Amino acid sequence: MNADGSESRNLTDDLGGGNPVWSPDGTRIAFECVGGICVVNGDGSDPRNLANGGNPVWSPDGTKIAFERKFGSGYYEYTDIHVMNSDGSNPTNLTKGGGD
Amino acid sequence: MMKQTPCLVCGFALASLLGGCGDMGTDPEALDPAPITNFGPAWSPDGKRILFHRGSRDIDFDIYVMNADGSNPTNLTKNPAWVFDAVWSPDGTMISFRRGNTGLSVMNADGSDLRDLTFGCDYDHVWSPDGAQIAFRRDVTGDPCGTPAGNWEICVVKADGVTPTVLTNDPGADLKPDWSPDGTQIAFQSGRDDPFWWQIYVMKADGSDPTNLSSDAVNDYDPVWSPDGTRIAFDRIPFSS
(Lines give C-alpha, C1' and ligand atoms only; values in the text may rest on other atoms or scores of the structure.)
Protein backbone atom coordinates (compact mmCIF):
# COMPACT_ATOMS: atom_id res chain seq x y z
CA MET A 1 0.00 0.00 0.00
CA ASN A 2 1.03 3.63 -0.19
CA ALA A 3 2.63 5.08 2.94
CA ASP A 4 -0.64 6.88 3.74
CA GLY A 5 -2.57 3.58 3.71
CA SER A 6 -4.21 4.06 0.32
CA GLU A 7 -4.22 1.60 -2.59
CA SER A 8 -3.66 -1.56 -0.57
CA ARG A 9 -3.00 -4.43 -2.99
CA ASN A 10 -2.46 -8.18 -2.77
CA LEU A 11 0.77 -9.02 -4.60
CA THR A 12 0.97 -12.72 -3.91
CA ASP A 13 -2.49 -14.31 -4.50
CA ASP A 14 -1.60 -17.97 -4.67
CA LEU A 15 1.92 -18.04 -3.27
CA GLY A 16 1.36 -17.50 0.42
CA GLY A 17 3.69 -14.93 1.88
CA GLY A 18 5.60 -13.69 4.87
CA ASN A 19 8.67 -11.78 5.98
CA PRO A 20 8.76 -9.34 3.02
CA VAL A 21 11.97 -7.46 2.18
CA TRP A 22 12.37 -4.76 -0.49
CA SER A 23 15.21 -4.91 -2.96
CA PRO A 24 17.59 -1.98 -2.43
CA ASP A 25 16.33 -0.21 -5.57
CA GLY A 26 12.71 -0.60 -4.42
CA THR A 27 11.53 -2.43 -7.54
CA ARG A 28 11.09 -5.96 -6.13
CA ILE A 29 10.07 -7.72 -2.92
CA ALA A 30 11.50 -11.04 -1.71
CA PHE A 31 9.44 -13.04 0.77
CA GLU A 32 8.89 -16.50 2.21
CA CYS A 33 6.30 -18.38 0.16
CA VAL A 34 4.84 -21.88 0.09
CA GLY A 35 7.63 -23.01 -2.20
CA GLY A 36 10.46 -21.38 -0.21
CA ILE A 37 11.73 -17.98 -1.36
CA CYS A 38 9.78 -15.97 -3.92
CA VAL A 39 10.33 -12.59 -5.54
CA VAL A 40 7.67 -10.34 -7.05
CA ASN A 41 7.79 -6.90 -8.61
CA GLY A 42 6.49 -4.08 -6.41
CA ASP A 43 3.38 -3.84 -8.59
CA GLY A 44 2.63 -7.57 -8.22
CA SER A 45 3.89 -8.62 -11.65
CA ASP A 46 6.34 -11.40 -12.50
CA PRO A 47 6.14 -13.56 -9.33
CA ARG A 48 8.89 -16.19 -9.24
CA ASN A 49 9.78 -19.03 -6.90
CA LEU A 50 13.57 -18.77 -6.62
CA ALA A 51 14.70 -21.39 -4.14
CA ASN A 52 13.97 -23.78 -1.31
CA GLY A 53 14.76 -21.81 1.85
CA GLY A 54 13.73 -18.97 4.15
CA ASN A 55 14.66 -15.61 5.67
CA PRO A 56 15.87 -13.91 2.44
CA VAL A 57 18.02 -10.75 2.65
CA TRP A 58 19.24 -8.69 -0.34
CA SER A 59 22.85 -7.71 -0.79
CA PRO A 60 23.22 -3.91 -0.73
CA ASP A 61 23.74 -3.80 -4.53
CA GLY A 62 20.69 -6.00 -5.16
CA THR A 63 22.57 -8.62 -7.20
CA LYS A 64 22.48 -11.41 -4.59
CA ILE A 65 20.20 -12.82 -1.90
CA ALA A 66 21.43 -14.53 1.28
CA PHE A 67 19.04 -16.99 2.90
CA GLU A 68 18.71 -20.03 5.19
CA ARG A 69 18.16 -23.60 3.98
CA LYS A 70 17.10 -26.46 6.26
CA PHE A 71 18.72 -29.88 6.45
CA GLY A 72 17.90 -32.92 8.55
CA SER A 73 14.73 -33.23 10.60
CA GLY A 74 13.45 -33.16 14.16
CA TYR A 75 16.21 -32.97 16.72
CA TYR A 76 18.84 -33.13 13.97
CA GLU A 77 17.41 -30.27 11.91
CA TYR A 78 19.80 -27.41 11.17
CA THR A 79 20.13 -24.56 8.71
CA ASP A 80 23.02 -23.18 6.68
CA ILE A 81 23.58 -19.72 5.20
CA HIS A 82 23.37 -19.73 1.40
CA VAL A 83 23.87 -17.02 -1.20
CA MET A 84 22.36 -17.03 -4.70
CA ASN A 85 22.12 -14.56 -7.52
CA SER A 86 18.92 -12.52 -7.33
CA ASP A 87 17.50 -14.49 -10.29
CA GLY A 88 17.83 -17.69 -8.23
CA SER A 89 20.90 -19.03 -10.04
CA ASN A 90 24.04 -20.44 -8.42
CA PRO A 91 22.85 -21.09 -4.83
CA THR A 92 25.95 -21.74 -2.71
CA ASN A 93 26.22 -23.04 0.87
CA LEU A 94 28.63 -20.76 2.74
CA THR A 95 28.58 -22.28 6.21
CA LYS A 96 28.40 -26.11 6.11
CA GLY A 97 26.89 -26.79 9.54
CA GLY A 98 25.66 -30.15 10.74
CA GLY A 99 28.03 -32.47 12.51
CA ASP A 100 31.23 -30.45 12.61
CA MET B 1 25.31 -37.23 26.46
CA MET B 2 22.25 -35.30 25.40
CA LYS B 3 21.07 -32.32 27.33
CA GLN B 4 17.42 -31.37 27.46
CA THR B 5 16.95 -27.93 25.93
CA PRO B 6 14.79 -25.84 28.26
CA CYS B 7 12.00 -24.07 26.42
CA LEU B 8 12.51 -20.99 28.59
CA VAL B 9 15.69 -20.11 26.79
CA CYS B 10 14.66 -20.89 23.25
CA GLY B 11 13.03 -17.50 22.67
CA PHE B 12 10.81 -16.42 19.82
CA ALA B 13 13.43 -16.40 17.10
CA LEU B 14 14.66 -19.88 17.66
CA ALA B 15 11.16 -21.20 18.25
CA SER B 16 10.02 -19.89 14.89
CA LEU B 17 13.23 -20.93 13.19
CA LEU B 18 13.02 -24.50 14.34
CA GLY B 19 9.29 -24.89 14.29
CA GLY B 20 8.57 -24.37 17.99
CA CYS B 21 9.75 -25.74 21.27
CA GLY B 22 7.73 -28.91 20.76
CA ASP B 23 10.10 -29.94 17.99
CA MET B 24 13.20 -29.45 20.09
CA GLY B 25 12.87 -32.24 22.61
CA THR B 26 15.59 -34.71 23.30
CA ASP B 27 15.52 -37.89 21.27
CA PRO B 28 16.01 -40.65 23.86
CA GLU B 29 17.69 -42.80 21.21
CA ALA B 30 20.05 -40.05 20.18
CA LEU B 31 23.71 -40.39 21.03
CA ASP B 32 25.07 -37.56 18.90
CA PRO B 33 25.06 -33.91 19.95
CA ALA B 34 22.64 -31.49 18.32
CA PRO B 35 23.94 -30.31 14.93
CA ILE B 36 25.68 -27.02 14.35
CA THR B 37 23.17 -24.62 12.84
CA ASN B 38 23.75 -21.31 11.03
CA PHE B 39 20.95 -18.76 10.69
CA GLY B 40 19.95 -15.09 10.57
CA PRO B 41 22.18 -13.74 7.76
CA ALA B 42 22.65 -9.97 7.34
CA TRP B 43 24.84 -8.21 4.75
CA SER B 44 27.21 -5.50 5.89
CA PRO B 45 26.20 -2.15 4.35
CA ASP B 46 29.24 -2.29 2.02
CA GLY B 47 28.24 -5.78 0.83
CA LYS B 48 31.64 -7.30 1.62
CA ARG B 49 30.68 -9.33 4.69
CA ILE B 50 27.77 -11.35 6.06
CA LEU B 51 27.02 -11.72 9.75
CA PHE B 52 25.14 -14.76 10.98
CA HIS B 53 24.39 -16.77 14.09
CA ARG B 54 26.12 -20.09 14.67
CA GLY B 55 25.89 -22.68 17.42
CA SER B 56 24.01 -25.68 18.69
CA ARG B 57 20.96 -26.11 20.87
CA ASP B 58 23.14 -28.07 23.29
CA ILE B 59 25.52 -25.17 23.85
CA ASP B 60 24.73 -21.59 22.80
CA PHE B 61 24.67 -19.30 19.78
CA ASP B 62 27.34 -16.77 18.87
CA ILE B 63 27.55 -14.03 16.27
CA TYR B 64 29.95 -14.70 13.41
CA VAL B 65 31.06 -12.53 10.50
CA MET B 66 32.43 -14.01 7.27
CA ASN B 67 33.45 -12.62 3.93
CA ALA B 68 30.63 -12.61 1.36
CA ASP B 69 32.19 -15.69 -0.33
CA GLY B 70 32.01 -17.64 2.95
CA SER B 71 35.70 -17.40 3.78
CA ASN B 72 37.20 -16.50 7.17
CA PRO B 73 34.20 -16.99 9.51
CA THR B 74 35.05 -15.29 12.81
CA ASN B 75 33.29 -15.62 16.16
CA LEU B 76 32.71 -12.12 17.52
CA THR B 77 30.98 -12.94 20.79
CA LYS B 78 32.33 -16.19 22.26
CA ASN B 79 29.53 -15.69 24.71
CA PRO B 80 28.10 -18.34 27.01
CA ALA B 81 24.67 -16.69 26.69
CA TRP B 82 22.27 -17.14 23.76
CA VAL B 83 22.36 -14.29 21.26
CA PHE B 84 19.87 -13.58 18.48
CA ASP B 85 18.65 -10.97 15.98
CA ALA B 86 22.08 -9.48 15.21
CA VAL B 87 22.02 -6.57 12.74
CA TRP B 88 24.51 -4.01 11.44
CA SER B 89 24.28 -0.33 12.25
CA PRO B 90 23.50 1.68 9.08
CA ASP B 91 27.17 2.72 8.68
CA GLY B 92 28.46 -0.81 9.31
CA THR B 93 30.69 0.17 12.23
CA MET B 94 28.58 -1.54 14.94
CA ILE B 95 26.52 -4.69 15.45
CA SER B 96 23.56 -4.93 17.82
CA PHE B 97 21.88 -8.08 19.08
CA ARG B 98 19.42 -9.49 21.61
CA ARG B 99 20.73 -11.29 24.72
CA GLY B 100 18.06 -13.99 24.93
CA ASN B 101 15.24 -12.51 27.01
CA THR B 102 17.33 -10.03 28.98
CA GLY B 103 17.88 -7.02 26.68
CA LEU B 104 19.84 -5.58 23.78
CA SER B 105 23.61 -5.15 23.41
CA VAL B 106 25.90 -3.36 20.96
CA MET B 107 29.54 -3.86 20.01
CA ASN B 108 31.95 -2.65 17.39
CA ALA B 109 31.83 -4.62 14.14
CA ASP B 110 35.05 -6.42 15.12
CA GLY B 111 33.50 -7.59 18.41
CA SER B 112 35.30 -5.06 20.60
CA ASP B 113 33.70 -2.68 23.13
CA LEU B 114 30.74 -4.94 23.87
CA ARG B 115 28.20 -3.27 26.14
CA ASP B 116 24.63 -3.88 27.22
CA LEU B 117 22.21 -1.24 25.97
CA THR B 118 18.85 -2.23 27.48
CA PHE B 119 17.66 -4.53 30.25
CA GLY B 120 14.21 -5.87 29.51
CA CYS B 121 12.09 -8.20 27.45
CA ASP B 122 13.15 -6.42 24.25
CA TYR B 123 12.54 -7.77 20.72
CA ASP B 124 12.29 -6.60 17.07
CA HIS B 125 15.05 -4.01 17.29
CA VAL B 126 15.85 -1.78 14.29
CA TRP B 127 18.36 1.07 13.87
CA SER B 128 17.17 4.51 12.84
CA PRO B 129 18.50 5.42 9.37
CA ASP B 130 20.97 7.93 10.89
CA GLY B 131 22.28 5.30 13.34
CA ALA B 132 21.54 7.48 16.38
CA GLN B 133 18.68 5.42 17.85
CA ILE B 134 17.34 1.88 18.05
CA ALA B 135 13.59 1.15 18.12
CA PHE B 136 12.31 -2.09 19.64
CA ARG B 137 9.31 -3.62 21.38
CA ARG B 138 9.27 -4.24 25.12
CA ASP B 139 6.89 -6.20 27.33
CA VAL B 140 6.06 -3.59 29.97
CA THR B 141 3.95 -5.89 32.17
CA GLY B 142 6.85 -7.34 34.10
CA ASP B 143 5.52 -10.83 33.38
CA PRO B 144 8.05 -13.54 32.45
CA CYS B 145 9.45 -12.66 29.04
CA GLY B 146 7.53 -14.39 26.28
CA THR B 147 4.20 -14.53 28.08
CA PRO B 148 1.64 -14.47 25.25
CA ALA B 149 -0.56 -11.94 27.06
CA GLY B 150 2.31 -9.49 27.51
CA ASN B 151 1.70 -5.82 26.74
CA TRP B 152 4.24 -4.88 24.07
CA GLU B 153 5.03 -1.20 23.56
CA ILE B 154 7.32 0.42 20.98
CA CYS B 155 10.39 2.02 22.61
CA VAL B 156 13.48 3.83 21.38
CA VAL B 157 16.91 4.09 22.97
CA LYS B 158 19.88 6.17 21.89
CA ALA B 159 22.63 3.99 20.49
CA ASP B 160 24.98 5.43 23.13
CA GLY B 161 22.43 5.56 25.95
CA VAL B 162 20.75 3.23 28.42
CA THR B 163 17.36 4.83 29.21
CA PRO B 164 14.68 3.91 26.66
CA THR B 165 11.72 6.12 25.85
CA VAL B 166 8.33 4.42 25.52
CA LEU B 167 6.60 5.76 22.39
CA THR B 168 3.27 3.92 22.51
CA ASN B 169 0.87 3.71 25.42
CA ASP B 170 -2.16 1.47 25.10
CA PRO B 171 -3.36 -1.89 26.44
CA GLY B 172 -3.00 -3.60 23.05
CA ALA B 173 0.23 -5.07 21.72
CA ASP B 174 2.46 -2.89 19.52
CA LEU B 175 5.35 -4.60 17.76
CA LYS B 176 7.54 -4.89 14.63
CA PRO B 177 8.67 -1.24 14.35
CA ASP B 178 10.25 -0.11 11.06
CA TRP B 179 11.69 3.37 10.48
CA SER B 180 10.76 5.33 7.39
CA PRO B 181 13.88 5.92 5.25
CA ASP B 182 13.98 9.61 6.25
CA GLY B 183 13.74 8.67 9.96
CA THR B 184 10.70 10.87 10.65
CA GLN B 185 8.12 8.07 11.06
CA ILE B 186 7.86 4.56 12.46
CA ALA B 187 5.49 1.93 11.05
CA PHE B 188 4.43 -0.89 13.35
CA GLN B 189 1.93 -3.67 13.87
CA SER B 190 -0.76 -3.08 16.50
CA GLY B 191 -3.58 -4.98 18.17
CA ARG B 192 -4.88 -1.94 20.07
CA ASP B 193 -8.19 -1.68 18.21
CA ASP B 194 -9.16 -5.33 18.30
CA PRO B 195 -6.99 -8.09 19.78
CA PHE B 196 -8.16 -10.49 17.05
CA TRP B 197 -7.07 -8.34 14.08
CA TRP B 198 -3.57 -6.92 13.67
CA GLN B 199 -3.40 -3.55 11.92
CA ILE B 200 -0.57 -1.52 10.36
CA TYR B 201 0.01 1.79 12.14
CA VAL B 202 2.34 4.70 11.43
CA MET B 203 3.38 7.32 14.00
CA LYS B 204 5.86 10.13 14.08
CA ALA B 205 9.28 9.16 15.44
CA ASP B 206 8.46 10.87 18.75
CA GLY B 207 5.37 8.66 19.18
CA SER B 208 2.79 11.29 18.28
CA ASP B 209 -0.06 10.95 15.76
CA PRO B 210 -0.47 7.13 15.64
CA THR B 211 -2.61 6.40 12.58
CA ASN B 212 -4.23 3.12 11.54
CA LEU B 213 -3.44 2.59 7.85
CA SER B 214 -5.13 -0.77 7.34
CA SER B 215 -8.32 -0.59 9.40
CA ASP B 216 -10.17 -3.73 8.40
CA ALA B 217 -11.16 -7.19 9.62
CA VAL B 218 -8.09 -9.03 8.37
CA ASN B 219 -4.69 -9.64 9.95
CA ASP B 220 -1.97 -7.29 8.70
CA TYR B 221 1.55 -7.50 10.09
CA ASP B 222 5.32 -7.14 9.41
CA PRO B 223 5.29 -3.66 7.81
CA VAL B 224 8.42 -2.65 5.85
CA TRP B 225 8.98 0.69 4.11
CA SER B 226 10.05 0.82 0.49
CA PRO B 227 13.50 2.37 0.06
CA ASP B 228 11.98 5.59 -1.34
CA GLY B 229 9.51 5.86 1.56
CA THR B 230 6.40 6.04 -0.60
CA ARG B 231 5.05 2.54 0.05
CA ILE B 232 4.80 -0.07 2.82
CA ALA B 233 4.84 -3.81 2.19
CA PHE B 234 3.22 -6.09 4.78
CA ASP B 235 1.86 -9.57 5.32
CA ARG B 236 -1.90 -10.20 5.31
CA ILE B 237 -3.73 -13.25 6.54
CA PRO B 238 -7.52 -13.01 6.11
CA PHE B 239 -8.27 -15.06 9.22
CA SER B 240 -8.61 -14.13 12.89
CA SER B 241 -5.59 -14.78 15.10
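A residue counts as buried here if 20 or more other C-beta atoms lie within 10 Å of its own. By that yardstick, buried residues account for 43% of the 241 residues in chain B of this predicted model. As for secondary structure, chain B is made up of one helix and 18 strands. Its contacts can be sorted by how far they reach along the sequence: of those between residues at least 6 apart, 32% join residues at least 24 apart.

One part of the strand architecture is an open sheet of four strands in chain B, running in the order β1-β2-β3-β4 with antiparallel pairing. β1 and β4 (74-75) of chain B sit at the edges, each pairing on one side only. Further in, β2(B) and β3 (residues 61-67) of chain B run antiparallel and are held in register by seven bridges. Across this pair, B:Phe52 stands opposite B:Tyr64 of β3(B).

Now for the contact between the chains. Chain A puts in 38 residues and chain B 36. On the chain B side, at least two residues apiece come from β1 (37-43), β2 (49-55), β17 (219-225) and β18 (232-237). The largest share belongs to β1(B), with seven residues on the side that touches chain A. So far as residue type goes, that side of chain B splits into 18 nonpolar, 10 polar and eight charged residues. β1(B), then, is both an edge strand of the four-stranded sheet and the source of the largest share of chain B's side of the contact.

Methods
Residues are numbered from 1 along each chain as its sequence is written. Chains are lettered from A and ligands numbered from 1 in the order in which they are written. This is a predicted model: local features need pLDDT of at least 70, side-chain atom pairs count only at pLDDT 80 or more; totals for chains, interfaces and linings use all residues. Two residues are in contact if their C-beta atoms, placed from the backbone, lie within 7 Å. Ala, Val, Leu, Ile, Met, Phe, Trp, Tyr, Cys and Pro count as nonpolar, Asp, Glu, Lys and Arg as charged, and the others, Gly among them, as polar. A residue is buried if 20 or more other C-beta atoms lie within 10 Å of its own, exposed if 12 or fewer, and partly exposed in between; C-beta atoms are placed from the backbone. Two strands pair if DSSP finds at least two bridges between them.
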